[in-house]
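The following exercises concern a metal site and the empty spaces of one protein structure. Each task is followed by a solution in steps.

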Amino acid sequence: MTPKIDMQDVRKAFGTKQVLDGVNLTVAAGESLVIIGGSGTGKSVTIKCILGLIKPDSGEVKVDGESLIGLNEAGFRRVRKNFGMLFQGGALFDSLPVWRNVAFGLMQGQGMAAKPAREIAIENLQRVGLSPDVADLKPSELSGGMQKRVGLARAIAARPQVIFFDEPTTGLDPIMADVINELISFQVKDLGCTAVTITHDMSSVRKIADRVAMLYRGKIVWNGPRADIDHSGNAYVEQFVKGLAEGPIQMDVRRG
Amino acid sequence: MNVATRTDMTFFIIIGQWTLAALASIGRLARFAGKALASLVMPPLYIVRILEQMLSIGYFSLPVVGLTALFTGAALAQQIYVGGARFNAEGVVAGVVVIAIVRELGPVLGGLMVAGRVSSSMAAELGTMKVTEQIDALTTLQVDPVKYLVTPRLIAAVIVMPLLTLVANVIGVLGGYIIATERLGFNGGNYLKVTMQFLKASDVQSSMVKAAVFGFIIALMGCYNGINSAGGAAGVGKATTNAVVSAFILILLANLIITVVVFGGAK
Ligand SMILES: Nc1ncnc2c1ncn2[C@@H]1O[C@H](COP(=O)(O)OP(=O)(O)OP(=O)(O)O)[C@@H](O)[C@H]1O
Ligand SMILES: [Mg+2]
């Protein structure tokens with residue numbers, strides 16, 4: 001079967017900094033893939049290459065077997081219709097009230113009228129644990145964790161087939177983090193979505209991942225089912241999962 | 001190779017690189033403007049966004065543009081009276097004021113004031129949207145950022161600047177009128193009569209054409225610098241400065257070109 005997402009030997013440098021150095025990654029339809037890896041290893045850049053927000057220097061990116069390399073704007077718009085994205089920093093439109101943020105794709109992208117769009121927005125806010133009262137607030141009036149959840153509601157509102165979550169639980173309390181994990185699992189198991197999640201949160205990995213891929217120095221160094229992460233036989237994964245300072249992964253930390 | 005020739009080479013290499021970089025950025029700017037204009041003919045046209053922008057560019061610029069015109073017109077009347085007295089031509093005050101304001105000072109000073117207000121705020125707003133990934137979010141939600149953010153601003157600025165300039169022209173002449181009648185002892189009715197005698201349709205046309213072009217420059221420089229900003233808060237600050245400085249220079253250059261080339265021959 002053609003994988004939903006297929007990245008082959010993707011490279012991307014910013015200036016002299018080689019961020020992606022030959023990433024190979026496939027995600028099957030209906031699968032929940034979690035990408036783990038240290039800060040600054042290029043996890044967000046990887047996702048943005050799939051969304052067409054960053055153009056790879058070389059390599060191949062395919063969605064449903066269709067290559068995105070050299071695709072024009074209209075082609076990307078068509079592909080993105082099936083995508084939802086939670087940005088790491090939320091990326092909420094700060095000039096618009098919360099509900100218009102959530103309904104943005106429905107109203108601007110699909111031309112839905114304000115009234116039904118507002119209802120769907122409020123429904124999605126409730127699914128991420130936010131009361132309808134926040135609908136008319138501006139994003140700047142919300143706490144960081146609430147902003148993240150609004151971003152999540154916006155990502156799922158248009159019922160996309162593929163959803164990208166960039167650190168969905170960062171900045172949330174453990175209970176709310178679990179609510180979000182459940183929500184992501186629901187999207188995949190009950191709605192049949194394909195999900196790609198970036199996280200540092202191991203409890204989140206254990207809860208939502210079908211498969212885990214570890215990115216290190218611009219390459220996927222390990223990739224396997226969730227059940228294997230505790231006996232991966234890979235020193236990088238082991239160090240990461242256990243959260244040890246000592247190991248093959250050298251953080252660029254100056255030791256005094 | 002001796003030291004002198006090597007420095008010469010470096011000099012030429014730097015000039016060459018500088019020229020290439022300048023050409024490349026002109027090309028990028030032209031492509032950006034082309035894309036924004038192409039969006040004009042493709043639906044949707046985001047009418048509400050255009051109206052919002054007209055309000056924020058036009059209505060909220062009225063006080064600053066009005067005051068600028070008032071003070072300039074008043075000072076101009078006084079200056080021409082003093083200067084004109086040297087060759088006994090005090091009678092020309094009304095005529096020179098109206099021509100100077102309508103053809104030159106109304107659109108140019110109005111344009112510069114609006115650029116200071118609007119180019120900077122557009123660059124800051126779009127720059128912040130860029131660095132907080134809101135522009136990426138728009139793209140992901142299948143909305144073209146240029147069409148959604150830039151085109152409405154360009155349209156609004158091109159519509160609103162001529163209207164603002166019209167107001168500036170009237171207030172500028174009024175400023176001259178106040179000084180002329182209150183301080184210089186001119187007869188009010190006579191002053192206005194001379195004003196209307198001197199003013200030609202081509203003066204007003206020139207004023208409106210300039211204003212529309214300046215409006216385009218103001219919005220284009222604000223949006224271009226904003227949307228291309230990078231590197232956090234410092235990057236947004238730099239984009240804001242660049243937007244205003246480049247808008248100023250382009251307005252003055254465009255003014256020169258329009259004055260000399262387009263309306264230079266009109267009597
Ligand atoms: N637009 C850009 N321009 C220049 N450099 C960039 C850009 N985007 C990312 N980078 C660089 O690429 C590297 C990887 O960034 P990325 O955001 O993918 O990290 P990450 O793995 O998501 O880290 P984190 O877990 O901290 O979010 C970083 O060193 C960053 O500085
Ligand atoms: Mg990241």
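**Exercise 1.** What volume does the largest pocket have? Determine also which parts of the chains line this pocket.

*Solution.* The model is a predicted one.
Step 1. The volume of the largest pocket is about 980 Å³.
Step 2. Its lining consists of 24 residues, and those nearest the centre are Leu53(A), Lys130(B), Asp136(B), Ile227(B) and Asn228(B).
Step 3. Two or more lining residues come from each of α1 and α2 (73-80) of chain A, and from each of α1 (3-38), α5 (134-140), α6 (145-182) and α8 (201-227) of chain B. The largest share, 4 residues, is that of α1(B).
Step 4. Sorted by class, the lining of the largest pocket holds 10 nonpolar, 4 polar and 10 charged residues.

**Exercise 2.** Describe the second largest pocket. Which element gives the most to its lining?

*Solution.*
Step 1. This pocket has a volume of about 500 Å³.
Step 2. It is lined by 22 residues, with Leu96(A), Gln108(A), Arg49(B), Glu52(B) and Tyr148(B) nearest its centre.
Step 3. Elements with two or more residues in this lining are α4 (104-109) of chain A and, in chain B, α2 (47-57), α4 (93-131), α5 and α6. With 5 residues, α2(B) gives the most.
Step 4. The classes in the lining of the second largest pocket are 11 nonpolar, 5 polar and 6 charged residues.

**Exercise 3.** How many cavities of 30 Å³ or more are there? Characterise the two largest by their linings.

*Solution.*
Step 1. The count is 3 cavities of 30 Å³ or more.
Step 2. The largest cavity holds about 170 Å³ of space. Of its 17 lining residues, Phe83(A), Gly84(A), Arg154(A), Ala155(A) and Leu141(B) are closest to the centre. By class, 10 are nonpolar, 5 polar and 2 charged.
Step 3. The second largest cavity has a volume of about 40 Å³. Its lining includes Val65(B), Thr68(B), Leu105(B) and Ala168(B). Two or more lining residues come from each of α3 (62-85) and α4 of chain B, and α4(B) gives the most, with 5 residues. This lining has 6 nonpolar, 4 polar and no charged residues.

**Exercise 4.** Which protein donors does the magnesium ion (ligand 2) have? Explain which parts of chain A they connect.

*Solution.*
Step 1. The donors are Ser44(A), through OG, and Gln88(A), through OE1, at 2.0 to 2.2 Å from the ion.
Step 2. Ser44(A) belongs to helix α1 (residues 43-51) of chain A, whereas Gln88(A) sits in the loop between β6 (83-86) and α3 (98-102), so the pair ties together parts 44 residues apart in sequence.
Step 3. Gln88(A) has 35% relative accessibility and therefore counts as partly exposed.

Key:
Residues numbered from 1 in each chain as written. Chains lettered and ligands numbered in written order. Predicted model: local features only at pLDDT ≥ 70, side-chain atom pairs only at ≥ 80, totals over all residues. Heavy atoms only, no water. Donors = N, O, S within 2.8 Å, 3.2 Å for Na, K, Ca; no water. Buried < 20%, exposed > 50% of the residue type's maximum accessible area, 1.4 Å probe, protein only. 1 Å grid on protein atoms, 1.4 Å probe; cavity = no way out; pocket = protein on both sides within 12 Å on 5 of 7 lines; lining within 4 Å. Points joined across faces, edges and corners; volume = space filled by probe spheres on them. Nonpolar A, V, L, I, M, F, W, Y, C, P; charged D, E, K, R; others polar.
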